[in-house]
Structure formats: C-alpha cells, structure tokens
Amino acid sequence: MESPGHLLHKKYAHSKAALITPEQRYWKQFRFPVLVRQYAPVTSITFSPTSPYDYAVSSSTRVQIFDSRTNEVRRTVSRFRDVVYGASFRHDAKLMVAGGEEGLIRVCDVNSRQVLRSLHGNGGPIHVTKFVRDSMVMSCGDDASVRLWDLSTGDELESFSGHTDRVRTGAVFESSKDTLATGSYDHSVKIWDVRSGSCSLSFDHGAPVEDLVVFPGGSIVVSAGGPVVKVWDLLRGELLETLENHQKTVTCLSLDASRSRLFTASLDRHVKVYSTDNYDVTHTMKYPSPILAFAFSPGKSHIVCGMADGMLSIRYRAVDANKNSSEVTEAVSIFESPAEATARINKGAPPPSTSVHSWKYLNRGRDATPVASDHTVAVTQSGGKPRFSRSERLMNKFQYKQALDAVLITNDPNTITSFFEELVARDALSLALSGRTSKTVLPVLTFLDRYLVSQAFVKVLLVVANAVIDIYAPVVGLSIDVDKLIRSLSRKVSEEVSIHKDLQGTLGALEALLALGT
C-alpha cells in the first residue's frame, strides 16, 4: 500500500543583503587588492602621520615608502647592511628612524633619503625605534634595555633597566611624552616615567609580548602575546578584558584614527576587528600566509598587511573629499538621472527601489537619448537569421574535429586562437585533437610552431601544445614531418626559456646597481 502524498512546502532563502551588517558592508569596500612581492618577510609597516598618509614598509635591508595614491614605491632607503626593523616617522613626516640586526639606529631624511645620524645602539639587534620628541628617539633591543637618545648630539640620555629578556615592542603616550610603554619576551608590560627614570607600572601578560598599543587618553594599554590579547586599565592597575579569538600567536595590533576599532593580526592568517566599546569581534579578514606586520591608514583608506612569505597585501578604497559629490555619484544609476539624484538628496528622500519587480527597473532606459560616445550595433537590413561560418556551424553541431579543420584553413591566428579557447571552455579540446592521422595533425603542429612563442597567444596555445604532446607522444618517430615539427617546437621553447633566464639575470644585475646608486 502506497503512503499518502503530502504537499511540498516551498523554502525561501533570506536575502543576502539582509544578512550583511553595516560593519561588514564598510569593510567590503576595501576590495581592490594590490600584491607586491618583497625580497624577504615584511618586518614592519607604518603610516605617515600627515596627509596623504604614505606608508613605509621594512623588508630585508631596505625601507620602501609607498605613495598612498598610486600604491607604488615612491622612495627606497637602502642604507642598511642587514635586516632592518621598526621604521617609524616623526610627527611632521620629514624624518624617519629605523633599527636593525646590525645594532645601529639610523635617522633618515624622508625626501633626500640621506642618513642624518647613525647611533650605536643597544649592543644587539634593535627591533623598536620611535620618536619621543623632535630631537629624542627611543630604542628597544634584544639586550633587554630601553634607551633614549638625543639626535642633536648623538648622546644617550637615559637607559631603563627592568626587563630580563628581549624587548620587541614599545610605544610613546600621546597624552604625555614623558611616559613610555614597552613589552618584552619576559612576559611583562612596563610603563616608564622619563622624568624619574623608573618603572611606574608593570603587568604580567602571561606570554612573550609581541606588540602593544596605547589609547590616546593614556589610560588603556592593549598587549598581544601568544594567541591572547589583553586590555589593561592603567588608572586601576588591573586587567580590563581578555580577548582569545585567535588560534596562533598575535603578532600585530593597530587602532583606527577614531580609536573605535582595534585590529589584531596573527600567525593564523586572520585579521580581526574589535569594537572598543565592548571588545566584540565585528569583522574578520583572511590572508593566504602568516601575518608579521599590519597597519591601518589614518585616513581610513588603506589596509596594508605584510606576510611571512614576503608578500605585501594592499587593500584600499576610494575616498572622495567632497562628501556631497560622492553621495550623488554613488546614487546615480540606471534608475534615476543625475539631476533626479541631486534633487532627491537635497530633499532627504530615500533612493529609488532597485527590485527587479519595480516599475523603474522594468522601464529603465526607455526615455534615454543616444549620445555620440555610445556604441552603435549594426543591424542587417535583410532581417534574416545571422550568418554563421562553416566552423561555427560545425561547432554548434558538436562536430569539433571537422570544425577545427575548417578554422585552420582560414590561417587567421586570432580566429584560430579564439576557437581553441572556446574548445577549452567546452572541455572539448581532446575530442578535436585526438584520432588524427599524420596528415591531419600537421596543420595543428604547423600553427603551434609559428605562433606558440607569440605573447598574444602563448597562454592559450601552451594548453593546446600540452594536449597535443600528451595525445601523440606514443606515436612520435613514425612520421618524419611530425617529428620535424615537434623538434622545432622543442627548440623554440628552449630558446624562449633561455631568453627568460637571461632577462632574470639582467634584472637582478640592474637591481643591484640601482641599490648601490641609492
């Protein structure tokens, strides 16, 4: 006996737009990634404190200053003999200071790239260098010391002792230049008073401290060590919050310009965004490699991330200084004219509906008038069906082998390459190439021999050449003509590879010369 049927209830998926929060929508605006390969892992990233907020990236033995408007290298400082660490700008962005493995503190002019002062630092690698005042610099190194230097004389002003292991992070309080914060691999976070030369507060993070940030008011310090981030209240001298959202060591901390968002970057390849109101995670960004350096632009336009594989990721969004103009530009669409958009924004009215069922959508473009810049599509006067070539008709009948023979007769490289690309898209390349005799495979090999190394067609023809070799490798040696063309292909590929190797060597030599020249 059959079971009685039942009515199938339809299930409707929630709208994707309804699931995206305003916070997520904001971060999704950063969708223009620029990837720059560095010679070594990125050790630090810092933004200029002045507009247009260029940023300095430390990697290997050089510091590159990127233009925030073009995301290209504007200046390169390569006066270092070993790995450089902790480059940072002065408040006016005219000077930059950096440490490194060689144990020297170098102060450079940003515009001329000249080294103005070299200070023999802490007796070991220096990972942290910061401007305390216009002519005062702080340095922290692997000798567990924190030192202050006078740039005008090059003398050491103060040395703070208290850490028992390497000091890898430090910060200067914005509210008081006489107060410093440092974090060490001895698990401690210490607050130093420059006037008394002593430690005024100390906290135990519970793991080697990798980074720390100080809020502008000077009452909250955030430290990162291991997979844990801790928020410390300096007024009460106690732990305020513990954040445990990462799986591996947190390497970087950063605050946005308004100090309403806290960024944490980790070796687990994730960057998490926290609200500083309640320290809840509001957004997460994933990267392809462990993160060693991270920075967010003061202008809220760039997210720059340096990874362990030497890749620098630059995500940015367009920021229009004229807010009203930006609003009108974003509002203009196929649903309203610029004049209608301007009038609507002045009235404070909401934007028109973008639903596919709305009257505006169904009648879009009805009253549009053509302009000279519009693309015109030619219409045949006969009004009949479009005329297909013989190869196109065979292709539509799935007769791929005959269609390939027909298109090869044209001897047009653009048409033939486009045909091969269509075969790859249809997953029919093997069907068109297989089952051929030595006579019918010759036109394919002849075309490959002529155009394989052409830059315009190499991407598609490499796929075709690999397919031909895979199919006809077992019968090589049975036809003199086929063997001759295959040897010619092999020779051309070898010559092309040799040229590329020579070019790589030349490029390396030129980069070495340019590095010496700068």
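How many salt bridges does a search of the whole structure find? The search finds 17. The model is predicted.

**Exercise 1.** Work out how R133 and D178 are connected, and classify the burial of each.

*Solution.*
- Step 1: The closest N and O atoms of R133 and D178 are 2.4 Å apart, and the pair forms a salt bridge. The cut-off is 4 Å.
- Step 2: R133 sits in strand 10 (residues 126–133), while D178 sits in the loop between strand 14 (167–172) and strand 15 (179–184), so the pair ties together parts 45 residues apart in sequence.
- Step 3: R133 has 34% relative accessibility and is partly exposed. D178, at 18%, is buried, because buried means under 20%.
- Step 4: Widen the view. R133, D178, D193 and R195 are linked in a network of salt bridges.

**Exercise 2.** Classify both partners of the R69–D67 salt bridge as buried or exposed.

*Solution.*
- Step 1: The closest N and O atoms of R69 and D67 are 3.3 Å apart.
- Step 2: R69 has a relative accessible area of 63%, so R69 is exposed.
- Step 3: D67 has 11% relative accessibility, so D67 is buried.

**Exercise 3.** Describe how helix 10 and helix 11 pack.

*Solution.*
- Step 1: Helix 10 covers residues 438–451 and helix 11 covers residues 458–472.
- Step 2: Their axes are 11 Å apart, at an angle of about 140°.
- Step 3: Roughly antiparallel needs an angle over 145 degrees. The two helices are therefore oblique to each other.
- Step 4: The crossing of helix 10 and helix 11 is left-handed.

How values were computed
Residues are numbered from 1 along each chain as its sequence is written. This is a predicted model: local features need pLDDT of at least 70, side-chain atom pairs count only at pLDDT 80 or more; totals for chains, interfaces and linings use all residues. Side-chain values use heavy atoms; hydrogens and water are left out. Axes are lines fitted to C-alpha atoms, for helices over the stretch in contact, and angles run from 0 to 180 degrees between N-to-C directions. Helices (H or I, at least four residues) and strands (E, at least two) are DSSP runs, numbered from the N terminus. Angles under 35 degrees count as roughly parallel, over 145 as roughly antiparallel, 65 to 115 as roughly perpendicular and the rest as oblique. A crossing is left-handed if the near helix is turned anticlockwise from the far one by less than a right angle, and right-handed if clockwise. A salt bridge is a side-chain nitrogen of Lys or Arg within 4 Å of a carboxyl oxygen of Asp or Glu. Buried means under 20% relative accessible area, exposed over 50%, partly exposed in between (1.4 Å probe, protein chains only).
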